[in-house]
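Biologist: I should be grateful for a close look at a single part of this model, namely the surroundings of the ligand. Please describe the contacts and then the shell.

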Amino acid sequence: MYAAFRSIGSYVPQNILTNHDLEKMVDTSDEWITKRTGIKTRHIADKDETTSDMGVKAAQKAIERAALKPQDIDMIVCATISPDYFCMPSTACMIAKKLDIANIPAFDISAACSGFIYALATAKAFIESGMAKNVLIVGSEKLSAIVDYSDRTTCILFGDGAGAAIIGATDKKEEAIIDVNIAADGKYYDFLITPGCGTNKPCSEEVLKERECFIKMKGNETFKVAVKTLTNDVNEILEKNRISSDDITYFVPHQANYRILNAVASALKLRDDQLVMTVSKYGNTSSASIPMAINDIYEEGRLKKGDLLLLDAFGGGFTWGSALVPFSPQN
Ligand code: UT7
């Protein structure tokens with residue numbers, strides 16, 4: 001049995017935070033943000049809108065587009081670093097509850113911005129081993145809840161949103177996900193970190209005062225490792241599978257910074273029409289960024305059956321991953 005990428009869905013909250021809004025909150029400028037990141041706007045969830053609420057909306061679209069019912073799903077994997085609840089229950093369990101699905105495995109994956117590719121690898125492995133047939137994978141983030149809006153080095157980067165996909169079993173090799181590569185190197189654990197409120201430094205007055213429950217990042221150092229790692233990673237997966245960058249219909253990288261995306265795309269000698277870039281409107285939405293970007297080209301009518309996607313992500317941990325995925329809707 002092979003695993004096929006059947007459908008895509010996403011959800012974007014309505015509220016928009018612009019660079020000009022941020023100019024009123026921290027010492028920054030539209031010019032600096034645009035030049036250094038390519039970001040113009042990001043979407044921000046409502047106060048009472050949770051990560052699972054957004055994940056459910058994306059999931060409903062993906063399930064409907066795969067011509068399935070929620071009850072056909074036999075596993076839910078949610079990638080997130082901004083779960084509804086600290087420790088438990090998992091956001092995947094909350095998504096299952098809200099979709100009215102019970103008695104199937106549902107669990108979260110913590111791999112930061114690489115989470116969607118880790119979820120894809122997990123779904124593929126479960127399907128190929130015969131343990132699942134229709135896996136719902138979700139990347140959903142309410143990063144606005146864990147961003148420090150007094151820290152100009154991070155608050156300009158992140159946004160909220162969700163994306164979801166159905167990975168289904170198939171016996172047709174031409175529909176199958178060709179390859180997924182995931183990896184990590186924990187020696188960089190403190191380059192992108194929320195230092196407080198875990199068992200290393202439990203929640204305390206001091207942790208709250210130092211704002212250690214929020215994302216901290218060594219931005220410039222992360223940038224350099226990201227460009228090098230992503231370039232090596234995509235070259236490796238293409239070489240391993242004897243696929244030329246010319247054969248890729250769309251390169252859909254994690255949307256962190258347009259400079260990173262352009263550097264990797266030019267190392268691969270990709271044409272402009274191959275690179276999918278949404279960072280200017282959504283900012284960095286961590287595990288949601290890749291499925292949100294795939295959904296955009298789908299809704300624009302640009303993604304067709306048989307198109308070959310090259311996915312690529314890098315994030316906290318550090319974690320990274322890439323995947324070669326034909327888009328294989330059933331109809
Ligand atoms: O999603 C997971 C992976 N994430 C990433 O890959 C993100 C990687 N990092 C980046 O995208 C970039 O490093 C940033 C966009 C975060 C920063 O850009 P940079 O070109 O690396 O800038 P920098 O950190 O070297 O800072 C340059 C200057 C500094 O001032 P001095 O020391 O030169 O006087 C910063 O204090 O820019 C200053 N700065 C700002 N100025 C205006 C930092 N943030 C801001 C800001 N507005 N928001």
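Modeller: In this predicted model, a nitrogen atom of the ligand lies 2.9 Å from a polar backbone atom of R152. Two side chains are also involved in polar contacts. An N or O atom in the side chain of H254 is 2.9 Å from an oxygen atom of the ligand, and for the side chain of R259 the corresponding distance from a ligand oxygen atom to an N or O atom is 3.4 Å. On its own, the ligand has 960 Å² of accessible area, of which the protein covers 74%.

The shell draws on several elements. Those that give two or more residues are helix 2 (30-37), helix 6 (152-155), helix 8 (219-240), helix 9 (258-267) and strand 12. Helix 8 gives the most, with 4 residues. There are 24 residues around the ligand, and those that come nearest are T28, R36, N220, N257 and N284. By character, the shell divides into 10 nonpolar, 10 polar and 4 charged residues.

Aromatic pairs deserve a word as well. The whole structure holds 8 of them. In one, F191 and F318 meet edge-to-face, with 5.5 Å centre to centre and 80° between the planes. This pair links distant parts of the chain, 127 residues apart: F191 is in the loop between strand 8 (179-184) and strand 9 (192-193), and F318 is in the loop between strand 12 (308-315) and strand 13 (319-326). Both F191 and F318 are buried. F318 also forms a tilted pair with F314, at 4.7 Å centre to centre and 50° between the planes; F314 is likewise buried. Ring pairs join Y188, F191, F314, F318 and W320 into a cluster.

Note on methods: Residues are numbered from 1 along each chain as its sequence is written. This is a predicted model: local features need pLDDT of at least 70, side-chain atom pairs count only at pLDDT 80 or more; totals for chains, interfaces and linings use all residues. Side-chain values use heavy atoms; hydrogens and water are left out. Rings of Phe, Tyr and Trp (its six-membered ring) pair if their centres lie within 6.5 Å; planes under 30 degrees apart count as stacked, over 60 as edge-to-face and the rest as tilted. Buried means under 20% relative accessible area, exposed over 50%, partly exposed in between (1.4 Å probe, protein chains only). A residue is near a molecule or strand if one of its heavy atoms lies within 4 Å of it. A polar contact is a pair of N or O atoms within 3.5 Å; within protein, one must be able to donate a hydrogen and the other to accept it, and residues adjacent in sequence count only if both atoms are side-chain atoms. Accessible areas come from the Shrake-Rupley method with a 1.4 Å probe; for residues, only the protein chains shown count as cover. Ala, Val, Leu, Ile, Met, Phe, Trp, Tyr, Cys and Pro count as nonpolar, Asp, Glu, Lys and Arg as charged, and the others, Gly among them, as polar.
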